[in-house]
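The following dialogue is meant for a reader who is new to this structure. A learner asks how to read its features, and a teacher replies.

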Amino acid sequence: MEYLTVGKIIKTVGLKGELKIYLTTSFSFERFKKGNVLFLKLDNEYKKLTIANCREKDNCFITKFMEIPDINVAMQYLGLELFAPKDYSLLKQGEYYYSDLLNCLVYFNNSIFIGKVYKIEEYASYQTLRIKREKERDVLIPFVEHFIENVDIINKKIIIRYIAGLL
């Protein structure tokens, strides 16, 4: 099973073991519902945590897990990341997980190789693919329908439309 990072534990809240979680997921309300299961990675194994309750505060979630009875146990998890199984049912048509786009080979017109996606950068209105090219500067391609012709996650291939001045 493949996991995605959904948040980072940044501090404890109160004496009953609640944790303040800095969110790193676009699906926070789906992931942090009461009864949902998240995971901590401890010694290369995933420990299951079940959400007892959760509330939003200061762009973070204050979360109580059934497996964490008090602050003494909660303190052990400070600074750790929370994970959720990769769930494609959360995605709409044309949406992708960043981890699926990384290392995709990028081409113009299905034949001219540009480079490999090695980073996704987020801007206010859209995401941008940072493409590493051999012996040339990186190129940034906005990940919007106007520029992207086809995305083939299975074959790790992205085809972009040729637009004069893009490179």
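Reading exposure, salt bridges and a pocket

Q: Is Lys47 buried, partly exposed or exposed, and what value shows this?
A: Lys47 has a relative accessible area of 29%, so it is classed as partly exposed. This is a predicted model. Lys47 belongs to strand β4, which covers residues 45–57. Its C-alpha lies 9.9 Å from that of Glu67, and the two are 20 residues apart in sequence.

Q: How many salt bridges are there?
A: Side chains of opposite charge can pair when their charged atoms come close. Here the count comes to eight salt bridges.

Q: Which residue forms a salt bridge with Lys86 at 3.0 Å?
A: The partner is Glu2, with 3.0 Å between the closest N and O atoms. This pair links distant parts of the chain, 84 residues apart: Lys86 is in the loop between β6 (81–85) and α3, while Glu2 is in the segment before β1. Lys86 is buried, because its relative accessible area is 13%, whereas Glu2, at 43%, is partly exposed.

Q: What parts does the salt bridge between Lys86 and Asp100 tie together?
A: Lys86 lies in the loop between β6 and α3 and Asp100 lies in helix α3, so the pair ties together parts 14 residues apart in sequence. The N to O distance in this salt bridge is 2.7 Å. Both Lys86 and Asp100 are buried.

Q: Which residues are linked in a network of salt bridges?
A: The network links Glu121, Arg130, Lys132 and Asp138. Within it, Asp138 forms a salt bridge with Arg130, the closest N and O atoms being 3.5 Å apart. Asp138 is partly exposed, since its relative accessible area is 23%.

Q: Which residues make the nonpolar surface patch?
A: Tyr123, Tyr126 and Leu140 make this patch, which has an area of about 260 Å². Leu140 is placed in strand β10, residues 139–142. With a relative accessible area of 34%, Leu140 is partly exposed.

Q: How many residues line the largest pocket, and which lie nearest its centre?
A: The lining consists of 21 residues, and Ser26, Phe27, Tyr96, Tyr97 and Tyr98 are those nearest the centre. Two or more lining residues come from each of β1 (3–13), α3 (98–101), β8 (112–122) and β9 (127–132). The space in this pocket is about 600 Å³.

Q: How many residues of that lining are nonpolar, polar and charged?
A: The lining of the largest pocket has eleven nonpolar, seven polar and three charged residues.

How values were computed. Residues are numbered from 1 along each chain as its sequence is written. This is a predicted model: local features need pLDDT of at least 70, side-chain atom pairs count only at pLDDT 80 or more; totals for chains, interfaces and linings use all residues. Side-chain values use heavy atoms; hydrogens and water are left out. Patches are made of residues with over 30% relative accessible area and no salt bridge: like charges are joined within 9 Å, nonpolar side chains (Val, Leu, Ile, Met, Phe, Trp, Tyr) within 5 Å. Accessible areas come from the Shrake-Rupley method with a 1.4 Å probe; for residues, only the protein chains shown count as cover. A salt bridge is a side-chain nitrogen of Lys or Arg within 4 Å of a carboxyl oxygen of Asp or Glu. Helices (H or I, at least four residues) and strands (E, at least two) are DSSP runs, numbered from the N terminus. Buried means under 20% relative accessible area, exposed over 50%, partly exposed in between (1.4 Å probe, protein chains only). On a 1 Å grid over the protein atoms alone, a cavity is a set of points where a 1.4 Å probe fits but cannot get out, and a pocket is an open set with protein on both sides within 12 Å along at least five of seven lines; lining residues have an atom within 4 Å of a point. Grid points are joined across faces, edges and corners, and a volume is the space filled by probe spheres set on the points. Ala, Val, Leu, Ile, Met, Phe, Trp, Tyr, Cys and Pro count as nonpolar, Asp, Glu, Lys and Arg as charged, and the others, Gly among them, as polar.
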